[in-house]
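Biologist: I'm new to reading models like this one. Could you walk me through a helix and a strand?

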Amino acid sequence: MKTKQWNLMNDKINIESAIQEAALLLKKGETVAFPTETVYGLGADATNAEAVAKIFQAKGRPQDNPLIAHVATVEQLRKLLDKLPGYVEDLISAYSPGPLTYVLPSNGTCAPNVTAGLSTVAVRIPDHPIALELLTACDVPVAAPSANLSGKPSPTTAGHVAEDLDGKIAGIIDGGPTGVGVESTVIACREDDVVILRPGGVTKEQIEKFVPVAETFEKNVDKPTAPGMKYKHYSPEVPLWLVDGDISRIQGVIDEEKSKGKTVALLARDEVLEQVRADIRLSLGSSLEDVANKLYDNLRKVKETDADVIISEVFPDSGIGQAVMNRLRKAMTTYID
């Protein structure tokens with residue numbers, strides 16, 4: 001398959017024409033990758049089971065892993081649902097468009113392979129102008145997991161998408177680097193409270209302003225109700241070790257591995273990189289927001305080096321740091337405390 005690419009960062013391209021061409025491919029049952037504010041998504045018409053099946057095929061994604069349906073407006077969101085609890089209206093007003101996904105009772109509009117045969121559907125309104133233009137032009141809900149090979153670090157640039165999926169999908173819209181850098185928060189919306197199924201760009205503290213959060217995660221899930229719950233994800237091609245300790249502890253682990261002849265990469269914030277000696281330094285910036293934004297790009301970059309192992313610091317497990325640590329725990333091979 002020849003993958004069409006539209007570089008919307010090129011001043012000479014007709015953006016409206018490119019969006020319409022991509023939307024037409026989606027309406028014809030093809031798959032197109034596009035940027036959102038979180039990561040790049042691999043989209044297909046969520047009402048077309050054959051089109052959705054192409055997502056699973058291209059990614060090598062397990063069939064029991066549900067997808068998120070993306071829509072452009074609240075009105076389109078309502079058309080996928082049986083009912084909408086009052087507090088969800090408040091959350092939508094506050095955080096949508098944005099990196100918050102709602103799991104609610106489905107009315108059957110989305111294909112069964114979007115919901116993995118469940119009675120619920122995950123749906124969100126992305127906060128990215130290109131995504132919203134594409135969804136408006138399609139005028140159908142678009143199922144869109146991250147546009148990467150299943151289990152690998154999610155893509156935050158069109159180059160990441162092409163690296164994994166060129167020749168396997170119909171198109172890639174290049175809208176430049178994404179913003180948040182980690183996937184959306186997914187919440188199961190119950191009658192009077194919510195369960196966070198996957199932490200992301202909207203934090204637990206932000207959600208609690210509108211509704212109680214009953215739990216943070218579901219564990220030992222055999223039948224996942226949202227993406228990112230059951231399977232190993234985000235893994236780089238080099239073993240990733242999390243080291244829970246101070247500077248001296250991190251340095252000690254690095255020195256021990258170097259003494260065995262290993263080339264060691266350090267994944268950390270700048271303040272840690274300045275104090276620790278390692279063969280390869282992978283900067284995650286200074287703030288937790290920087291860490292979230294730079295995480296996947298660095299996990300992909302490491303394969304271009306001769307690193308034998310990646311040592312990562314452990315980050316505060318609060319705010320956006322909760323999403324960062326969720327991704328790192330799923331990606332790691334070893335945890336050292």
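Modeller: Sure! Let's start with a bend: helix H11 bends by about 45° at Lys 294. That bend is the angle between axes fitted to the seven residues ending there and the seven starting there. Helices (H or I, at least four residues) and strands (E, at least two) are DSSP runs, numbered from the N terminus. This is a predicted model, where local features need pLDDT of at least 70, side-chain atom pairs count only at pLDDT 80 or more, and totals for chains, interfaces and linings use all residues. Residues are numbered from 1 along each chain as its sequence is written, and side-chain values use heavy atoms, with hydrogens and water left out.

Biologist: Which residues of H11 are buried?

Modeller: Here's the general idea first. An α-helix has 3.6 residues a turn, so residues three or four places apart point the same way. In H11, the buried ones (under 20% relative accessible area, 1.4 Å probe, protein chains only) include Leu 288, Val 291, Ala 292, Leu 295 and Leu 299. Among the elements covering the buried residues of H11 are helix H7 (158–165) and helix H12 (320–331).

Biologist: And which way do the residues of strand E2 point?

Modeller: In a regular strand the side chains alternate between the two faces of the sheet. In E2 (residues 32–35), Val 32 and Phe 34 point one way, Ala 33 and Pro 35 the other, and all are buried.

Biologist: What does E2 pair with?

Modeller: Two strands pair if DSSP finds at least two bridges between them. E2 runs antiparallel to strand E3 (residues 40–45), joined by 4 bridges, and a hairpin of 4 residues links the two. E2 also pairs with strand E8 (residues 171–174) in the parallel sense, over 2 bridges.

Notes: Buried < 20%, exposed > 50% of the residue type's maximum accessible area, 1.4 Å probe, protein only. Contact = heavy atoms within 4.5 Å.
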